[in-house]
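This report covers charged and aromatic side chains. Please look over the sequence and the model below before reading on.

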Amino acid sequence: MRAVVWNLYLGGVDGASEERLHTQAEILRELNADVVCLPECARWGEGDERRLWWMADTLGLQPVAMVRSRLGTPPIQNYTTLLYRPSTLRLMGKATLGSDVFHHALIRARLRPVEEHDGRRDFLVLATHLSYTDGETRLREARWMTDFGGEFPGVPPRGILLADLNVPDREPLDWSLIPQNMHSRYRSVLRDGSFGGVDQRALNVLLNSGWQDPEVLTTGRRAPTVGYFYPNEPVPWCLDYALVNGMDVTSYVTYDTARAREASDHLPVVADVEVRP
């Protein structure tokens, strides 16, 4: 199975132009994923969700859910979307947490390979976009997903977490590369209001709860997902992840091409996993 997570930056829509959206669809079609998490689907609720259904149609996918974010003001609203390929997978159940709990959203789906007749090969998919504002909020949101890092009643004992966690995967070489007024997004804030190192608590609480980083499983360093788009923030970081629990990962890469860089301020993350270990 192939899973992709890609923050679309304003939903691929710039004013009246949908050029980036069409480029994003072309790239996603080439990646040919079975499960796709798309954070930041801004304006996708317009026109009876026409952009959602156009994207699903273009990719041959079916929406699990599209959940509105707290971010955005009418008429521009933001969403997080999870889709799956009905020719390879069946949706056996879903649940969502919206802006009453999350800054963005959490979507939970139970999926089953289409040729399976019972739940032995079922797996869990979590799709989320954590808050950009601060580490405390991200840590609180991440705790909604720690239960699923191991066996938990009512859910399959394995799964994949697709997310823009907004958590840097490393300490930057030089914090001066980031505007000072944005340091509180990424750094630990000490009791006196000064800054410490990079705040990775939301990621670490997931890993310490049983979720695994495919970079460790595949012993391969993937390319950063951000750091190329904004001249005032040229820090190569991975903010986007596909963590796994009980699933064998055969490939884990950042899809870094010139066309993908032009299409969004994040790059797609692609994970290939074995559905039948």
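R158 is buried (under 20% relative accessible area, with exposed over 50% and partly exposed in between, for a 1.4 Å probe and protein chains only), yet R158 has no salt bridge. The nearest side chain of opposite charge is D122, 7.0 Å away. For this count Lys and Arg are positive and Asp and Glu negative, while His and the chain ends are not counted. A salt bridge here requires a side-chain nitrogen of Lys or Arg within 4 Å of a carboxyl oxygen of Asp or Glu. The side chain of R158 instead reaches the backbone oxygen of R121, at 2.8 Å. R158 is found in the loop between α3 (135–142) and β8 (159–164). Helices (H or I, at least four residues) and strands (E, at least two) are DSSP runs numbered from the N terminus.

The model is predicted: local features need pLDDT of at least 70 and side-chain atom pairs count only at pLDDT 80 or more, whereas totals for chains, interfaces and linings use all residues. Residues are numbered from 1 along each chain as its sequence is written, and side-chain values use heavy atoms, with hydrogens and water left out.

**Salt bridges**

The structure holds 19 salt bridges. Three of them are listed here with the N to O distance and the relative accessible area of each partner.

| Positive partner | Negative partner | N to O distance |
|---|---|---|
| R50, 43%, partly exposed | E18, 18%, buried | 2.7 Å |
| R170, 22%, partly exposed | D169, 18%, buried | 2.8 Å |
| R261, 36%, partly exposed | D256, 34%, partly exposed | 2.8 Å |

Salt bridges that share partners join E18, R43, E46, R50 and R51 into one network. Within this group, the salt bridge between R50 and E18 links distant parts of the chain, 32 residues apart. R50 lies in helix α2 (residues 46–59), and E18 in the loop between β1 (2–5) and α1 (19–31).

**Aromatic pairs**

How many aromatic pairs does the structure hold? There are six. Rings of Phe, Tyr and Trp (its six-membered ring) pair if their centres lie within 6.5 Å; planes under 30 degrees apart count as stacked, over 60 as edge-to-face and the rest as tilted.

Y186 and W237 form an edge-to-face pair, 4.8 Å centre to centre with 65° between the planes. Y186 lies in helix α4 (residues 183–186) and W237 in the loop between α6 (214–218) and β11 (240–245), so the pair ties together parts that are 51 residues apart in sequence. Y186 counts as buried because its relative accessibility is 6%, and W237 is buried at 1%.

F229 and Y230 also form an edge-to-face pair, with ring centres 5.1 Å apart and planes at 75°. F229 is partly exposed at 28% relative accessible area, as is Y230 at 32%. Ring pairs link Y9, Y228, F229 and Y230 into a cluster.

**Charges over rings**

A charge sits over a ring if NZ of Lys or CZ of Arg is within 6 Å of the ring centre and within 35 degrees of the ring normal. R187 lies over the face of W175, at 4.4 Å from the ring centre. The charged end of R222 sits over the ring of Y241, 5.2 Å from its centre.

Technical notes. Polar contact = N/O pair within 3.5 Å; in protein donor to acceptor, adjacent residues only side chain to side chain.
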